[in-house]
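Colleague: Got a minute to walk me through this one? I'd like to start with the empty space inside.

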Amino acid sequence: MALFTQLDADLVRNLVELASSPDCPDAELVIDETKYLDGSAQDRHVYAAFEQGAWPASPDRQTWVREIVCRVGQGRMHESARSLWARIHFEGSNGAEDDYVLGMRVDGKDHIEWYEEQLSRGLALHDGVCEVWVPPPPPEKLKKDAWWSKHYLKPGHEDGSVSYKTYRTYIDDVILDAIQDFDALPLNGRVLELCAGDGAFMERLLGRRPDVASYVFVERNADLCRRARDRCASAIVEGLCVDACDHTGDTATWDMIAPPDVVVASGSVLCGQVGSPAMAEPVLRAVAALLKPTSLLVVTGFTQSYINPALLARHGLEVRRGSVSTDAVGGLSSGFGRFHLLALRRRAAPLKPSLRDALLPPSIEESVRKVTISE
């Protein structure tokens, strides 16, 4: 079987031929939030949607892929070995005749790897909706605060560690691109940054947008907070050396922050790089409560995150951008040829039915169909 790298009919044929069975029940696609957050199930999920004709499914291009959703992980219903489950939604020029969903299960290590490799090469070219969900490592593998100021920055090394340089070289750029693409930061706008580290991203954004009226950053590592304040000393900058990861219900930190136009959480408690799963939801709840209808929340880290579709749904947030191609970040991958970068806004209306529903527990799925978030 040849390896195809385009979103075309050959790729569709290869994916279908790799299927061991058309069996793809809801229980095998939904994200198990408990296991997702505690790191006990290292599943990978992807959902992508395509404009008409962007991924032709037939040689005459009269049928196309509208959506695809899949999960790689251990079987749940029969506790089977690791498999890949997928559903592909087709549409076409023949209307209802071409509007159908094909389910599939792929078994065997080699077939799973081949399926994911082919899909990854196609999705790496995709510039539309694509969400990749990869759970964080187990809590015991999380880095301690001291690691970030000592080993991540590598004091005495001009450019910091390899990880630090990767952030500065690639990840900062895709965050700035998202802010610009969504036209999220107006003249004299307000910015909030969680877990701001040594202030390198703040310096970059303010250098690009000197008109920013207010930049509030939160950082619980006292050494990093001091460095950030020294780096970006300005009347418009306010640094809060507090624990944004506090999950005791204390809202004092958030009560003093005016609604921002842009919130950046890069390498934060929301990204599975500090804190714990128990801390992530209270922080997301507090940030969501600050957002205006036009505010943009950008969340990213290295390749993983505590954020998941059910968590976003509970707090009235919707995904406007779910990932970028690995090509945009020097080859960093969360899986399926993508790097996770979430651009989020408050949900303004009930969601329309889609294959993405399969990722949500039934109770969540029903709620996001009915609830409209008021402006």
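Colleague: How many cavities of 30 Å³ or more does a search of the whole structure find?

Modeller: Quick caveat first: this is a predicted model, so local features need pLDDT of at least 70 and side-chain atom pairs count only at pLDDT 80 or more, while totals for chains, interfaces and linings use all residues. Residues are numbered from 1 along each chain as its sequence is written, and side-chain values use heavy atoms, with hydrogens and water left out. On a 1 Å grid over the protein atoms alone, a cavity is a set of points where a 1.4 Å probe fits but cannot get out; grid points are joined across faces, edges and corners, and a volume is the space filled by probe spheres set on the points. With a floor of 30 Å³, the number of cavities is 3.

Colleague: Which residues are closest to the centre of the second largest cavity?

Modeller: The second largest cavity has a volume of about 50 Å³. Strand 5 and strand 12 (338-346) each put at least two residues into its lining, where lining residues have an atom within 4 Å of a point. Helices (H or I, at least four residues) and strands (E, at least two) are DSSP runs, numbered from the N terminus. Out of 12 lining residues, the closest to the centre are V132, W133, V134, S305 and H340.

Colleague: And the largest pocket: which strand gives the most to its lining?

Modeller: A pocket here is an open set of points with protein on both sides within 12 Å along at least five of seven lines, and the largest pocket has a volume of about 750 Å³. Its lining takes in 33 residues, with Y47, A49, V129, E131 and V319 nearest the centre. Strand 1 (44-49), strand 5 (130-133), helix 10 (309-314), strand 11 (317-325) and helix 11 (362-370) each supply at least two lining residues. The top contributor, with 9 residues, is strand 11.

Colleague: How far can I trust the chain, and where does pLDDT stay under 50?

Modeller: pLDDT is the predictor's confidence in each residue, from 0 to 100. The protein chain averages 85, and 85% of the residues score at least 70. The stretch under 50 has 14 contacts (heavy atoms within 4.5 Å) beyond four places in sequence, and covers residues 371-375.

Colleague: What share of the 375 residues is buried?

Modeller: Buried means under 20% relative accessible area, exposed over 50%, and partly exposed in between, with a 1.4 Å probe and protein chains only. The chain has 11 helices and 12 strands. Of the contacts with a separation of 6 or more, 71% are between residues 24 or more positions apart. The buried share is 55%.

Colleague: How many salt bridges does the rule give, and which residues form one network?

Modeller: A salt bridge is a side-chain nitrogen of Lys or Arg within 4 Å of a carboxyl oxygen of Asp or Glu, and the count is 25. One of them pairs R71 with E28 at 3.1 Å, N to O; R71 sits in strand 2 (residues 63-74) and E28 in the loop between helix 1 (9-18) and helix 2 (33-38), 43 residues apart. Both of these residues are buried. K292 and D261 also pair up, at 2.6 Å; K292 is partly exposed at 27% relative accessibility, whereas D261 is buried at 8%, and bridges with shared partners make a network of E28, D43, R71 and R76.

Colleague: Which residue caps the N-terminal end of helix 1?

Modeller: The buried residues of helix 1 are A9, L11, V12, N14, L15 and L18. They pack against strand 2, strand 3 (82-92), strand 4 (100-107) and helix 3 (109-123). At the N-terminal end, a side-chain oxygen lies 3.3 Å from the backbone nitrogen of D10, and it belongs to D8.

Colleague: Last one: is G197 buried or exposed?

Modeller: G197 is in the loop between strand 6 (190-194) and helix 6 (200-208). Leaving out residues up to four places away in sequence, G197 touches E219, L224, C225 and A228. N221 is 24 residues away in sequence and 7.8 Å away in space, C-alpha to C-alpha. With a relative accessible area of 16%, G197 is buried.

Definitions and conventions: Polar contact = N/O pair within 3.5 Å; in protein donor to acceptor, adjacent residues only side chain to side chain.
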